[in-house]
Amino acid sequence: MHPSFIIALFVAFVAVVPSMAQQQAGGFVRPGDPTIQAEAQELQEIRFEGLEQTTPEQLFGIISARASELSITHELTRYFRSNIRQNPSSPTILINHLDSVARTMESEVRYYDVRTAEADSAALLTYLNQNGFHKARVRHGFGRDGKTGRNTLVFRVSEGPRAVIDTVIYLGLTGLPSDVADRVHGLRQIRSGEPFSENAIDAEVRRVFDELRNSGYFRAWADRPYVGRSVDLMHDTVV
């Protein structure tokens, strides 16, 4: 714990107790306090809404926004600092001291950035599209949650129906020896009717490509698969 933090907590407690009546009467906030303004933009929680077929764990790996992760020391500093500010007779030197302590832990704090939120929304939409949710929609909003009292970034996701694979076609594999053709065929695990997933398709192409190389076809190459979509965006053809 910060060496001067214990002293600050003790003094803060003494300063706060006599001011309880003042707190109940409405409290006091110093005009233009930059700390209060900064905390209003702090990102304290990130939440996903509307998910049905995907999970928050999957989507957290896609976004770059992160919520604050405060240590116990930081939480206590904020608690006492907030209470001291409610007392108009609190000495400025004490408030400044607590502010200084909090600044040493500033690396734990994250702030809302609309540009990051917009980029994350686009990244989520790309991820969903790559996994067959071609009709997906993503919106975001930031504000103080009335139930939790925390500044929350909410991504509202409408996944829509998930497209399935209609047809998978490999070109250029004719004429392979039967033993190589059998091994390649055994590596083809994607079937018609399965949910569309670009990662699964790319992984299968890599397996087939590696098998060809290991079988002596050192000049083998593979283009990135072409994906054709049906008019209703519900069926994908992979070539």
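This text walks through the nonpolar cores and aromatic pairs of a predicted model.

Start inside. The largest nonpolar core has 17 residues. Those with the most contacts inside it are Ile-46, Leu-124, Leu-128, Leu-153 and Phe-155. Three elements give two or more residues to this core: strand 1 (45-49), helix 7 (114-130) and strand 3 (151-158). Helix 7 gives the most, with 4 residues.

Apart from this core lies another, of 7 residues. Among them are Ile-165, Val-168, Val-205 and Val-238.

Now take one residue, Leu-153. Leaving aside residues up to four places away in sequence, Leu-153 touches Leu-43, Glu-45, Ile-46, Arg-47 and Ala-65. Leu-153 also touches Tyr-112, Ala-117, His-140, Gly-141 and Phe-142.

Next come the rings. The structure holds 3 aromatic pairs. One joins Phe-48 and Phe-60. Their ring centres are 5.0 Å apart and their planes stand at 80 degrees, so this pair is edge-to-face. Phe-48 sits in strand 1 and Phe-60 in helix 4 (residues 56-60), 12 residues apart, so the pair links distant parts of the chain. Phe-48 has 10% relative accessibility and counts as buried. Phe-60, at 33%, counts as partly exposed.

Tyr-112 and Phe-142 pair in another way. Their ring centres lie 4.2 Å apart with planes at 5 degrees, so this pair is stacked. Tyr-112 is in the loop between helix 6 (92-103) and helix 7, while Phe-142 is in strand 2 (residues 137-144). The two are 30 residues apart. Phe-142 has 24% relative accessibility, so Phe-142 counts as partly exposed.

Finally, Phe-48, Phe-60 and Phe-155 form one aromatic cluster.

Technical notes: Residues are numbered from 1 along each chain as its sequence is written. This is a predicted model: local features need pLDDT of at least 70, side-chain atom pairs count only at pLDDT 80 or more; totals for chains, interfaces and linings use all residues. Side-chain values use heavy atoms; hydrogens and water are left out. A nonpolar core is a set of buried Ala, Val, Leu, Ile, Met, Phe, Trp, Tyr and Cys residues joined through side-chain atoms within 4.5 Å. Buried means under 20% relative accessible area, exposed over 50%, partly exposed in between (1.4 Å probe, protein chains only). Contact means heavy atoms within 4.5 Å. Rings of Phe, Tyr and Trp (its six-membered ring) pair if their centres lie within 6.5 Å; planes under 30 degrees apart count as stacked, over 60 as edge-to-face and the rest as tilted.
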